[in-house]
Amino acid sequence: MVELRAMGTTVTIHAPTLSPDGEAAVAAAVAAEFEIAEARFSRFRADSELTELNRATAPIAVSPAMLNALVRARAYVRLTAGRFDPTVGAAMIAAGYDQPFVAGALDRATPAVAAARTRYAEVTIDPQRGVIARPAHVQLDLGGMIKGATADAAARHLPATAALDAGGDAVLRGAGPEGDGWHVDVEDPADPARTLVTLRVRDRAVATSAANRRRWRRGDGWAHHLIDPATGAPAATDLAQVTIVAATAERAEVLAKAVFIAGRRAGRALLETLPKTGAVLVDHRGDVELVGPVEVAPDA
């Protein structure tokens, strides 16, 4: 197992068939993928392409990678009926997420405020010219989607049986070290030391969204990073945690966030339109619901 730091999280690589030299080579390739993505898409880097786009006062030409990401994001906005929306950047800042997350660093004595609602439809994408235009009040944040996309890209450097976990966005290749699938523990959001259910996953990706990890004190309450585009504030939902099993980490990441924001009933309805996507929904009482094609490890 190899660990490295990227995008403010720990990236873990399990490649049981590789030699130590092979692991080191894969780790270097994975680290390079994350560095390239972070340099382009981080809203915390003054020199990133995303920061340049968010500062632009006129239509601006973007790289093919940025254009492709924004086009994919538009498809996810439509798929999730707007529950995923990258124009929540200003709302993130208003909630207090204005610097890289470190526990305690975002705590403030003043209450969080909601930002004005924005919509991805306000962003104009010209695929032929590679030009993007956005109103001055719209700030883009592609963070979670790009973390998932980068995990997918980095996993292409892995051998046929291997796993990569980037802060909960995991790509699981092959049938696992024992040949019976990779075992993925879904933790209890109220007690991370406790496992609620263990999934068995083969050649799929897994992502989890919950409000208990990236949260901070604002006044007498808490704020978190899962912004509801409909309100411009941290989502208030009857779900405590959502774990998605999908074809890619990018898709799993986007859907985990969208289902969390939607809540149990509407989230389940969305998942029922996606027959190849499975989920574990955990509500605030600790009740667990399995939706779609998820396989529970029999010895769990």
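This passage describes the overall architecture, the salt bridges and selected local features of a predicted model.

The secondary structure of the chain consists of seven helices and 17 strands. Along the principal axes, the C-alpha atoms occupy a box of roughly 55 × 45 × 40 Å. The radius of gyration is 19 Å, which agrees with the value near 19 Å that a compact globule of 300 residues would have. Of the 300 residues in the chain, 51% are buried. When contacts between residues at least 6 apart in sequence are considered, 60% of them join residues at least 24 apart. The accessible surface amounts to about 13500 Å², and carbon and sulfur atoms contribute 52% of this area.

The chain carries 33 positive and 36 negative charges, and the mean positions of the two sets lie 6 Å apart. Side chains of opposite charge can pair when their charged atoms come close. In the whole structure, 16 salt bridges were found. Three of these pairs are described below, together with a network of linked charges.

One salt bridge joins the side chains of R45 and E35, with an N to O distance of 3.1 Å. R45 is located in the loop between α1 (20-41) and α2 (49-55), whereas E35 belongs to helix α1, so the pair ties together parts that are ten residues apart in sequence. Both partners fall into the partly exposed class: R45 has a relative accessibility of 26%, and E35 has a relative accessibility of 39%.

A further salt bridge, at 2.9 Å from N to O, is formed by the side chains of R43 and D141. This pair links distant parts of the chain, since R43 lies in the loop between α1 and α2 and D141 in the loop between β5 (131-133) and α5 (143-155), 98 residues apart. R43 is buried, its relative accessible area being 18%. D141 is likewise buried, with a relative accessible area of 13%. The cut-off for burial is 20% relative accessible area, so R43 and D141 both fall under it.

The side chains of D283 and R264 also meet in a salt bridge, with an N to O distance of 2.7 Å. D283 is part of strand β16 (residues 278-283) and R264 is part of helix α7 (residues 264-271); the pair therefore ties together parts that are 19 residues apart in sequence. D283 is buried, with 6% relative accessible area, and R264 also counts as buried at 18% relative accessibility. These two residues take part in a network of salt bridges that links R264, R268, D283, R285, D287 and E289.

Positive phi angles were noted at two residues that are not glycines. M7 has a phi of about 50° and is placed in the loop between β1 (2-6) and β2 (9-14). With a relative accessibility of 16%, M7 counts as buried. D203 has a phi of about 45° and lies in the loop between β9 (191-201) and β10 (204-210). In contrast to the buried M7, D203 is exposed, with a relative accessible area of 51%.

M7 is also among the contacts of T150, a residue of helix α5. Not counting residues up to four places away in sequence, T150 touches M7, E33, F34 and A37. T150 counts as buried, at 5% relative accessibility. The helix that holds T150 follows the loop in which D141 is found.

G221 is found in strand β12 (residues 221-224). This glycine is partly exposed, with a relative accessible area of 26%. The C-alpha atom of G221 is separated by 18 Å from that of V102, a residue 119 positions away along the chain.

Key:
Residues are numbered from 1 along each chain as its sequence is written. This is a predicted model: local features need pLDDT of at least 70, side-chain atom pairs count only at pLDDT 80 or more; totals for chains, interfaces and linings use all residues. Side-chain values use heavy atoms; hydrogens and water are left out. Helices (H or I, at least four residues) and strands (E, at least two) are DSSP runs, numbered from the N terminus. The radius of gyration is taken over C-alpha atoms; the globule rule is 2.2 Å times the number of residues to the power 0.38. Buried means under 20% relative accessible area, exposed over 50%, partly exposed in between (1.4 Å probe, protein chains only). Contact means heavy atoms within 4.5 Å. Accessible areas come from the Shrake-Rupley method with a 1.4 Å probe; for residues, only the protein chains shown count as cover. Lys and Arg count as positive and Asp and Glu as negative; His and the chain ends are not counted. The place of a charge is taken as NZ of Lys, CZ of Arg, CG of Asp or CD of Glu. A salt bridge is a side-chain nitrogen of Lys or Arg within 4 Å of a carboxyl oxygen of Asp or Glu.
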